[in-house]
Amino acid sequence: MRAFSQLLDALVYTRSRNAKLGLIAAYMRAAPDPDRGWALAALTGNLDLKAVKSSAIGDMIRARTDPILYEMSRDYVGDLAETVALLWPKREDQPAELDDGSLSLSAVIDRLHGVSRAAAPDMLAQMMDHLDSSGRFALLKLATGGLRVGISARLAKTGFAQAFDLDVDDVEQVWHALSPPYAALFDWAEGRTARPDPEGTPYFRPFMLAHPLEADSVDLQDYAAEWKWDGIRIQIVGTGTETRLYSRAGDDISGSFPEIAEAFAGHAVLDGELLVRGDMQGGEAASFNALQQRLGRKSVTAKMMADYPAFVRLYDLLIEGDEDLRAMPWEQRRARLEAYMPQLSSDRFDISSVIDAPDFEALADIRAGARDAAIEGVMLKRRDSPYVAGRKAALWYKWKRDPLTADCVMMYAQRGHGKRSSFYSDYTFGCWTEDGELLPVGKAYSGFTDEELKWLDRFVRQNTVARFGPVREVEKTLVLEVAFDSIHDSKRHKSGLAMRFPRIARIRKDKPAAEADTVAGLKKLVS
Amino acid sequence: MAHWIEPHPTGIYVRPADAWIDPSLPQERALVTHGHADHARGGHGHVWATRETLAIMALRYGTASGTAVDYGEEVRMGGVTIRYVPAGHVLGSAQIVLDHAGERVVVTGDYKRRPDPTCKAFEPVPCDIFVTEATFGLPVFRHPDTGSEMDRLLVALHANPDRCVLVGAYALGKAQRVICELRARGHRDPIYIHGAMERMCALYEDFGIDMGELRPATGVAAKDMRGHIIVSPPSALNDRWSRRLPDPITAMASGWMRVRQRARQKNVELPLVISDHADWDELTDTIREVAPTETWITHGREEALLHWCMTHQIRARALALVGREDEDEG
């Protein structure tokens, strides 16, 4: 248990992605079987124990310690598992801060698997006596489900792949054919057996991605144009008996959008954009803002599904039945996709239409005139391009709508993380109301060069008027030209506005703050 | 009981001696437990303290008129017999033991019970009124063995030869203790220190605390600090100062590091639970050991300790002293 609890602790304190990968890889190489398999299951969210309810843990600690001291401690620490882990009074003959090594991770899992809900608290208490505070914390997190150490399943799999010099996409392919503690996976990773056969399982295929368009134009003889929709890229993988949805990073998000998974019973792999329908758009795709209500949820309520109904706008067909279409030219795949559409429910699926433009100039006009909230720009796909993983030069281009810009006044600044932890690099900026007040309209932490960051950091330090914890309020004198993809109504902010992907385009040292834009002016840009 | 001693928000007043203990405002006559700024202020008329504490105060506030009191030495003041007894907190730290009218009061200042190579160990003195701190007065605070924390620091250092470990440690006490603990574990390499610590480290060395080779971190090329330990005040960890360091692993030595969220808020990668204050077990064990008729709790999480005293049939009260507890000190 000790190696696993130390890994969790280290992951909690580590900010850099590479360092996290290194920690996971080192653990996967060093830990014994089947501990590391269980750890991989826990890190990827594939361990479903939930033998113990949080309330049972509260009862357990109250029975062992003064309930008032427990409540005071909980108020101070916040997190239940951490409070109990720190507070746990061990038996007299057991040092408080010693993991005696008698419990392996797999022994813990075995016991939690076999236990009834009624017997779980006693068994848990018994195990707690053999662990140190980190071990107790890990145990409680395992027992209640959900580690919450800030890593995604994909990151854990990437760490695993790194440990054994594998390609994470190869790991991904076999992943769903296997189950914890993944003995076959480790056998393959360490060269003892051949690669497990993923046949018949709904595994993730790496997405094909696009480069930003930098040339002035392309020949529409060679390239087809499609809208680039502002939702989230999604892959639908169906085996005929099981359907899974994957995000661009390869995370399984089927649980967040059950209505989509349920509506698809086919045996195929499709690429598309997940969107929600908005009433405002007369049932058309709503802005990304609306989709955000549905993201990052482990389970969804019927109300969420009714208020923000999801659907997928399909781009591509990768596999149909047993036939892999990925090597075919885009035009042929497109024809196959069009032929595939009629068997899908039109409530949940439609096809992203190809833009009909005689030449590039006409396309530019169409793009400039697009006002749909869900359009992020235009995609240009080589008509003969196969579907290949990652970004390959000259095959696909994304041609985003020109960003909107506004001149805003810096109001607050906060320090960044990691390498930027000594720089004030996150800026809140505002625009003027009719009463001559500044209202915050957004926050940005990118877009500037390293030199500009140094300058901004110095500005913040020299112009601080108040401090609120990590936040500094600054003199309202600096104008920042902020670029953003779109702007939407929002109840969350006092200004009633929320920008999509705001970034600092320019520092306008030349412009007096009084001449910055107004909130009323920004409202006219709402899409 | 002990009507001759009065707690005030600005300190504890010893009436027959006409003297204040750790007053937060300038007073004519001040008895000072130790050199941390929330106990030792500048501007007093005359100070009684250990030789070490006086030296620390002189360093921080310039010369002040003071009487050095040795540990164990008895000082008579207006019918009160006063003794300074080691508190184990930092160099020169003392509990002040006051005897008057057949009653004994012990004011601990800040203290800890575990070994510290830079100061004399706490000596429990049985008494009628025990005035204790409660910085870590919650049962979630149990400091682990110092050795295991130092080992984690050295493991991180040796595992990352291209980086450095930047340890945030309070400039008076914690920094020197961490350095001495490293030396005791056989770490012989030079240790780089932040400019704000140089004079305090020199003072410790004047009092015979050997810290091995210390080098100023200022003006050293980043590449020369790779694979080394750098000690700085906690406030410098995320400040511009640290930008010059070679990809530092940010560590912090403090009792607060026991709570994950606290460490994360401070962007700490390597939290080291090393404290100069008594943890919950030390607080409660000490109260049991000195077996006072009454316990006064000066600052910290006094509510929980008060509750513990009540449930153990120990009379207790919380004193609301102002200006105590600088978090960096934990």
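This is a guided tour of a predicted model, moving from the contact between its two chains to chain B, and then to some places in chain A.

**Where the chains meet**

Begin by colouring chain A and chain B separately, and then select the residues through which they touch: 22 residues of chain A are in contact with 27 residues of chain B. On the side of chain A that touches chain B, the elements that give two or more residues are α1 (2–13), α5 (67–77) and α6 (80–87) of chain A, and of these α5(A) gives the most, with six residues. If you now colour that side of chain A by residue class, you should find 10 nonpolar, eight polar and four charged residues.

**Chain B as a whole**

Next, hide chain A and show chain B as a cartoon, in which seven helices and 19 strands can be traced. The radius of gyration of chain B is 20 Å, close to the 20 Å that the globule rule gives for 330 residues, so chain B is as compact as a globular protein of that length. Turned along its principal axes, chain B has C-alpha atoms that fill a box of roughly 65 × 45 × 30 Å, and 52% of its 330 residues count as buried. Among the contacts in chain B between residues at least 6 apart in sequence, 60% join residues at least 24 apart.

**The two domains of chain B**

Now select residues 5–140 together with 277–329 of chain B, which the domain assignment gives as domain 1, and then residues 146–272, which it gives as domain 2. Their centres, taken over C-alpha atoms, are separated by 28 Å, and where the two domains touch, 19 residues of domain 1 of chain B are in contact with 18 residues of domain 2 of chain B. The side that domain 1 of chain B turns to domain 2 of chain B has eight nonpolar, four polar and seven charged residues.

**Nonpolar cores**

Stay with chain B and select B:V165, B:V231 and B:A251, which have the most contacts inside the largest nonpolar core, a set of 208 residues. Centre the view on B:V231, and leave aside its neighbours within four places in sequence; its contacts then include B:V167, B:A169, B:I191, B:H194 and B:M197. A second, separate core has 31 residues, and to find it you can bring chain A back and select A:V409, A:V460, A:V474 and A:L480, which are among its members.

**Helix α10 of chain A**

Move on to helix α10 of chain A, residues 153–163: eight of its 11 residues are buried, so the helix is largely enclosed by the rest of the structure. Those buried residues include A:L155, A:K157, A:T158 and A:F160, and the elements they pack against are α2 (17–30), α3 (35–43) and α11 (168–175) of chain A. Just after α10(A), look at A:D165, which takes a positive phi of about 55°.

**A loop residue, A:I355**

The last stop is A:I355, which lies in the loop between β9 (349–351) and α17 (360–369) of chain A. Is A:I355 buried or partly exposed? With 18 other C-beta atoms within 10 Å, A:I355 is partly exposed, because a residue counts as buried if 20 or more lie within that distance. Not counting residues up to four places away in sequence, A:I355 touches A:A225, A:E226, A:W227, A:L363, A:I366 and A:V378. Of these partners, select A:W227, which is 128 residues from A:I355 along the chain, although their C-alpha atoms are separated by 7.2 Å.

Key:
Residues numbered from 1 in each chain as written. Chains lettered and ligands numbered in written order. Predicted model: local features only at pLDDT ≥ 70, side-chain atom pairs only at ≥ 80, totals over all residues. Contact = placed C-beta atoms within 7 Å. Helix = DSSP H or I, 4+ residues; strand = E, 2+ residues; numbered from the N terminus. Nonpolar A, V, L, I, M, F, W, Y, C, P; charged D, E, K, R; others polar. Rg over C-alpha atoms; globule rule 2.2 N^0.38 Å. Buried ≥ 20, exposed ≤ 12 C-beta atoms within 10 Å, placed from the backbone. Domains from an automatic or database assignment. Core = buried A, V, L, I, M, F, W, Y, C linked by C-beta atoms within 7 Å.
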